[in-house]
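Here is a walk through one protein chain, from its overall layout down to single side chains. Keep the viewer open as you read.

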Amino acid sequence: MSQSSAVSVDTQPSPGFDKARHISRILALLLAIGFWVTLAWLIAVPVLLISPVGGGWGNIAGVTIDPAALSVGHRAGAILAILLGTVPSLLILHHAARAFVQFAKGEVFVATAIAHIRSAGFWLIISGFATAVEQVLFNLFAVVRPIAHELALRPALFFVGLAVYVMAYVMSEAQRIAADNASIV
């Protein structure tokens with residue numbers, strides 16, 4: 001029996017699952033939109049390295065920085081910090097959207113959905129720390145003092161990510177048990 005057919009072992013989803021599939025389609029769409037907006041942001045930010053615009057950047061601590069006043073090296077470092085903090089969010093959006101696409105198809109306890117859930121959890125954990133690293137590096141390169149002012153460490157993201165990561169293992173074990181039971185019958 002293949003991994004993808006584990007959910008449909010002589011059973012059909014309950015009528016209530018149709019509502020979950022509909023909501024999953026909506027969530028997959030919203031997460032995909034968030035992914036593309038974030039990707040556009042990630043592509044647009046390095047343009048500031050080449051052509052800094054006045055008006056200022058707001059940093060995490062609420063300080064406004066004029067990128068035109070920074071050297072190319074400092075702008076590059078600040079942009080790298082922004083990218084470092086944003087990439088985990090991009091990957092969370094990607095994996096969460098892909099998991100909800102699977103759910104919308106009725107594929108719940110399948111290896112690909114579980115892998116996307118596990119990856120989303122992993123990147124949530126990373127994101128909890130990446131925001132703090134982003135802030136410190138941004139402050140360092142944008143010459144903002146103090147460098148570690150109001151550190152943006154997000155322990156909630158770490159714990160939610162850890163919970164999501166463990167849930168993926170629980171789903172994987174449930175899939176394995178269902179496959180074992182199906183092979184006995």
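What follows starts with the ground rules, then takes up the fold, the surface and a few side-chain pairings.

This is a predicted model, so local features need pLDDT of at least 70 and side-chain atom pairs count only at pLDDT 80 or more, while totals for chains, interfaces and linings use all residues. Residues are numbered from 1 along each chain as its sequence is written, and side-chain values use heavy atoms, with hydrogens and water left out.

Let's begin with confidence. The score to watch is pLDDT, the predictor's confidence in each residue, from 0 to 100. The protein chain averages 81, and 77% of the residues score at least 70. Split by element, the highest mean pLDDT is 93, for helix α1 (residues 17-44), and the lowest is 56, for strand β1 (residues 57-58). Residues 1-10 have a pLDDT below 50, and beyond near neighbours in sequence this stretch has 16 contacts in the model. Contact here means heavy atoms within 4.5 Å.

Now the fold. There are five helices and two strands in the protein chain, and the order along the sequence is α-α-β-β-α-α-α. Both kinds of element are DSSP runs numbered from the N terminus: helices are H or I with at least four residues, strands are E with at least two. If you take the contacts between residues at least 6 apart in sequence, 73% of them join residues at least 24 apart.

How much of the chain is buried? Of its 185 residues, 34% are. Buried means under 20% relative accessible area, exposed means over 50%, and partly exposed is in between (1.4 Å probe, protein chains only). On the outside, the protein chain exposes about 10,400 Å², with carbon and sulfur atoms supplying 71% of that. These areas come from the Shrake-Rupley method with a 1.4 Å probe, and for residues only the protein chains shown count as cover.

One piece of that surface deserves a look. Ile 23, Ile 26, Leu 27, Leu 29, Leu 30, Ile 33 and Val 37 make a nonpolar surface patch of about 610 Å². Patch residues have over 30% relative accessible area and no salt bridge; like charges are joined within 9 Å, and nonpolar side chains (Val, Leu, Ile, Met, Phe, Trp, Tyr) within 5 Å. Leu 27, one of the patch residues, lies in helix α1 and is partly exposed at 32% relative accessible area.

Next, go to helix α4 (residues 111-141), where you'll find Ser 119. Ser 119 is partly exposed, because its relative accessibility is 23%. Ile 92 is 27 residues away from Ser 119 in sequence, yet the C-alpha to C-alpha distance is 7.5 Å. Ser 127 also lies in helix α4, but it counts as buried, at 6% relative accessibility. Which residues does Ser 127 touch, leaving aside its neighbours within four places in sequence? They are Pro 88, Ser 89, Ile 92 and Leu 157.

On to the rings. The whole structure has six aromatic pairs. Rings of Phe, Tyr and Trp (its six-membered ring) pair if their centres lie within 6.5 Å; planes under 30 degrees apart are stacked, over 60 edge-to-face, and the rest tilted. Phe 122 and Trp 123 have ring centres 5.1 Å apart and planes at 80 degrees, so they are edge-to-face. Phe 122 is partly exposed at 38%, and Trp 123 is partly exposed at 23%. Phe 158 and Phe 159 are another edge-to-face pair, with 5.1 Å centre to centre and 75 degrees between the planes. Phe 158 is partly exposed at 25%, whereas Phe 159 counts as exposed at 54%. Phe 129 joins Phe 158 and Phe 159 in one aromatic cluster.

Finally, charges. Side chains of opposite charge can pair when their charged atoms come close. A salt bridge is a side-chain nitrogen of Lys or Arg within 4 Å of a carboxyl oxygen of Asp or Glu, and the whole structure has two. Arg 176 meets Glu 173 at 2.5 Å, N to O. These residues are three apart in helix α5 (residues 155-184), so about one helical turn separates them. Arg 176 also bridges to Asp 180, with the closest N and O atoms 2.5 Å apart; here the spacing is four residues, about one turn of helix α5. Shared partners join Glu 173, Arg 176 and Asp 180 into one network.
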